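Please look over the sequence and the model below before reading on. The paragraphs that follow lead through a few of its features, one after another.

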Amino acid sequence: KAMADSAASSPPRRKSSKAKEELFHITTALRGRLLDNLRNVVKSSMMADPDMWEWVRCLVSAWVDQFWVDIEEEVERNLAATLTDQQEVVEEQAPSATRLPRCWVKFRAFVLHHYLPHNKSIFGKFNDPAYCVMFLLTLIPVHGIRVLLFSVLLAMLIFPGPPDEYQLINFILLFKGMQFLTSGIVATILGACKYYYCYAMQKDDVRLCIDLHGPGAAQGVGQGFDYLGSIVLVWIAFSYLRSKQRSTSQRT
């Protein structure tokens, strides 16, 4: 009976995989025509200027033709790799979160749904009060807060695994962008305010005021933690990204 059940469940998967493979081969000519039409559109838009010199027009046409060969090969390769991945993922099980605490799973779902939503642009995010609170927390000019918050966010993306490739890349870009805002723009404004305070309120001994209350004064440990955390978190995310790429290349 067990053999009969397994035999009954395996044919639909095999039929679905074979149907996708046949569809992939059948649509080869259609994909070629679509890419050719797209190449013509790109050419016409790049050479639409009637005052363009003829030799520049020839160079642009030759460059597009040469570049388009690489595009067609990349499209075909990625489609074939995607089809192969789907055939192998069918046999794999999705990551399970049953071993994780229920409170962590709920908290993870809340944070990721509001801070990294799949269906909202940046304008839609700013209409969400929960996202605005999280965003303002990352802007607090206190060393270590941004690193701690993004450490929790990275842990949410990694556990339960395996992490998504797009989310890892998005985390790296988002983290470095917030570093530019918090440790760059906000810290610069705060430092300028400290300098102005020393100049306006402590004119008798400006140097002593800057040494005691100026930018970076008595903040060596916090600055070191923030600096190292900004490096370590990115490399952790990048290491998971590289391991995922290696596993994908081995499957393909």
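A salt bridge, as the term is used here, is a side-chain nitrogen of Lys or Arg that lies within 4 Å of a carboxyl oxygen of Asp or Glu. The model to which this term is applied is a predicted one, and the structure holds six salt bridges. Three of them are described in turn below.

The side chains of lysine 43 and aspartate 65 meet in one such salt bridge, with a distance of 2.7 Å from N to O. Because lysine 43 belongs to helix 2 while aspartate 65 belongs to helix 3, this pair ties together parts that are 22 residues apart in sequence. As for their surroundings, lysine 43 has a relative accessibility of 15% and therefore counts as buried, whereas aspartate 65, at 27%, counts as partly exposed.

A second pair, glutamate 76 and arginine 31, also forms a salt bridge, and here the closest N and O atoms are 2.9 Å apart. Glutamate 76 is found in helix 3, which covers residues 54-89, and arginine 31 is found in helix 2, which covers residues 28-46, so that this salt bridge ties together parts that are 45 residues apart in sequence. Glutamate 76 counts as partly exposed, since its relative accessibility is 26%, while arginine 31, with a relative accessibility of 13%, counts as buried.

What separates aspartate 36 and arginine 39 along helix 2? These two residues form a salt bridge in which the closest N and O atoms are 3.4 Å apart, and because they are three residues apart in helix 2, the separation between them is about one helical turn. Aspartate 36 is partly exposed, with a relative accessibility of 30%, and arginine 39 is likewise partly exposed, with a relative accessible area of 22%.

From these charged pairs the reader may turn to a feature of another kind. Tyr227, Leu228, Ile231, Val232, Trp235, Ile236 and Phe238 form a nonpolar patch on the surface, and together they have about 700 Å² of accessible area. One member of this patch, phenylalanine 238, has its place in helix 10, which comprises residues 220-251. Patches are made of residues with over 30% relative accessible area and no salt bridge, and phenylalanine 238, with a relative accessible area of 32%, is partly exposed.

Definitions and conventions: Residues numbered from 1 in each chain as written. Predicted model: local features only at pLDDT ≥ 70, side-chain atom pairs only at ≥ 80, totals over all residues. Heavy atoms only, no water. Patch = residues over 30% accessible without salt bridge, like charges linked within 9 Å, V, L, I, M, F, W, Y side chains within 5 Å. Areas by Shrake-Rupley, 256 points an atom, 1.4 Å probe, with all protein chains shown as cover. Helix = DSSP H or I, 4+ residues; strand = E, 2+ residues; numbered from the N terminus. Buried < 20%, exposed > 50% of the residue type's maximum accessible area, 1.4 Å probe, protein only.
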